[in-house]
Amino acid sequence: MPTQLDKVDVVTVGVGWTGGIIAAELSKAGYQVVGLERGGEVTVDDYLHSKDQLKYDSRIGLMHSLSNDTVTYRNNQDMEALPIRENSNLRNGTHTGGGGKHWAGQTWRYLPYDFEIYSQTVDRYGEEKIPEGMTIQDWGITYDELEPYYDRFEQTAGISGEEGSFGPERSNPYPTPPLKESYPMRMFREAADNLGYHPYRLPSANISETYENPDGQTIYACQYCSFCANYGCDFAAKSDPVITVIPTAQETGNFELRTGSNVTRILYEGDQATGVLFTDLETGEEFEQPADIVVLTSYTFNNVRLLLLSEIGDPYDPETGEGVIGKNFTDHHGPDSSCAAIGFFEDQKFNLHMGAGALGIVYDDFVGDNFDHTDEDFIHGGMVRYQQGGANPMTNNEVPNGTPNWGREFKEKSLYYANRSLVVNFMFNSMPYQDHYLDLDPTYTDSDGDPLIRMTYDFSDHDRSLFNFGIDLCVEMLEEMGADIIEPNEEMDRFEVESTGFTFQHSSGGAIMGDSPDTSAVNNYLQMWDMDNLFVVGASAFPHFGAPNPTATAGALAYRAAEGIEEYLENGGGLLVKERERTKHT
């Protein structure tokens, strides 16, 4: 029998950005919070001497090991899914801080169009504009409603940035100025201006100056050392849960962090969660942690898996489109990372070793509904971007096509072009489809005998249309920048992990938000429709993926969920949002 522990007000499952925000906000309000974390505890001291390319870039040392516990994937329902075992194909964070330790730091707000994508698309173009099988829906919240929570996340993280011409309205400027502009960024800006576009610097969690956030935590100024994405920042200059929200929660005295604690089930009686069941990974002992509120704050895959394993909510059926748990699974970096062109410059050299994860420049004239899609065979769009993340020597060896993979010629051209090549990419959105979803794998299990989560996903014709649109923009930009050789990536075919180099690292959906339990798992406070004291927080709530990176939106939703939980506890429970009667659409 599991050992039953004393009841607490709130228990979170996972202690990264979203778990840290929930813990910080509720412990500051005086509630007793327990954070259960499968990994160990990390502090900034653990990042010291971490500039080890072999360990962190090549062997992905900050990621969860996939040797025992992973996910399975397949392209369609006729295939058998197989486990992903290489971290080069799947990057899930581990230990406290989660993905917030190894992220690059791009911190975007989604557009007002994203939150009302179905309504605004139909209003402007008619329902026939939405491709068959695409399951977009409104999020049940508007940008204006979410804006204050975006602002709170940016203030906590100290985000550095400048406003773009098409960006959504803001209640406050970025808390710190944008990062410096490198020479290639100035080339991009001049070229974009010449072409009539509207460039601006990326919003960045690698911040430009030392900053004390509203909770009293200090983040230091970026050193442009280039060891950023895939690394923890030993300067404490990249906003990270480890140096912001987690210590804030710990300083209240109301937060208890329990590491090495693997949650295996959500416990409940009727329509009320009563706590969670977890295993101490060191001793193997099982515990029950009772709580008034249960908050799932782990990554998309584990949030959805725990709901399915615990038999909470209606599992999604891809044949009928009924059910919600597992619905609208999407990913981001598969399509967009391949939509790029590289330019080689014969007469110019750049300092490409200097960099930061979110150092870069972009224009967003072709994102969301910023342009007329009447004659396009896609909706939404993307952003043309140059990013200078820091070209570490072991993982950057660009040479023009036709160069041998070894020998004298390879060595000569590798050295010659080491600082003469720039990559421009088109960062675009990924839309959900009826046959892209998450469920429990019928074959593969973890070491406890529980089914792994299974992904069914492939590139769509919509992805390919956006790719073709975006690759032309990348080539146009490099031509204007003066590249002598321009090599666009080849057109996407089908999604295959091994052959395409696809890396799952921005995955979303599966427990999506909306304004009706018919079409969503959670309401706009990320509160389960079916179980009002269970909140599911993170990108699992996204009904679709926007063009840019997701962390700010997940953080904003976490702040809103924390506010809702506090209201729930003060008012004695109940649904925080009344469901809306609506006509279902797919």
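Here is a short chat about reading a few features of this predicted model.

Me: Let's start with sheets. How do strands hold on to each other?

Reply: Strands of a sheet pair through backbone hydrogen bonds, and the pairing can be parallel or antiparallel. Here, one open sheet has 4 strands in the order β5-β4-β19-β18, and its pairing is mixed.

Me: Which strands stand at the edges of that sheet?

Reply: Those are β5 (82-83) and β18 (437-445). Each has a single partner strand, so one side of each has no neighbour in the sheet.

Me: And in which sense do β4 and β19 pair?

Reply: Strand β4 (residues 72-74) runs parallel to strand β19 (residues 451-456), with 3 bridges between them. If you want a spot to look at, find threonine 72: its bridge partner in β19 is arginine 454.

Me: Okay, now helices. How far does α6 reach from its first C-alpha to its last?

Reply: Helix α6 (residues 143-157) has 15 residues and spans 20 Å, close to the 21 Å expected at 1.5 Å a residue. Right after α6 comes glycine 158, with a positive phi near 70 degrees.

Me: Is α6 mostly covered or uncovered?

Reply: Mostly covered: 11 of its 15 residues are buried. Among them are Tyr143, Leu146, Tyr149, Phe153 and Ala157. The elements covering the buried residues of α6 include α1 (17-28), α8 (245-251) and α14 (551-571).

Me: What does the UniProt annotation say about residues 179-332?

Reply: The unreviewed UniProt entry labels that stretch "domain: Glucose-methanol-choline oxidoreductase N-terminal". In the model, residues 179-332 are 19% helix and 28% strand, and the end C-alpha atoms lie 25 Å apart.

Definitions and conventions
Residues are numbered from 1 along each chain as its sequence is written. This is a predicted model: local features need pLDDT of at least 70, side-chain atom pairs count only at pLDDT 80 or more; totals for chains, interfaces and linings use all residues. Side-chain values use heavy atoms; hydrogens and water are left out. Two strands pair if DSSP finds at least two bridges between them. Helices (H or I, at least four residues) and strands (E, at least two) are DSSP runs, numbered from the N terminus. The expected span of a helix is 1.5 Å times one less than its number of residues. Buried means under 20% relative accessible area, exposed over 50%, partly exposed in between (1.4 Å probe, protein chains only). Contact means heavy atoms within 4.5 Å. UniProt positions are given in the numbering used here, feature names are shortened, and annotations may be inferred rather than shown by experiment.
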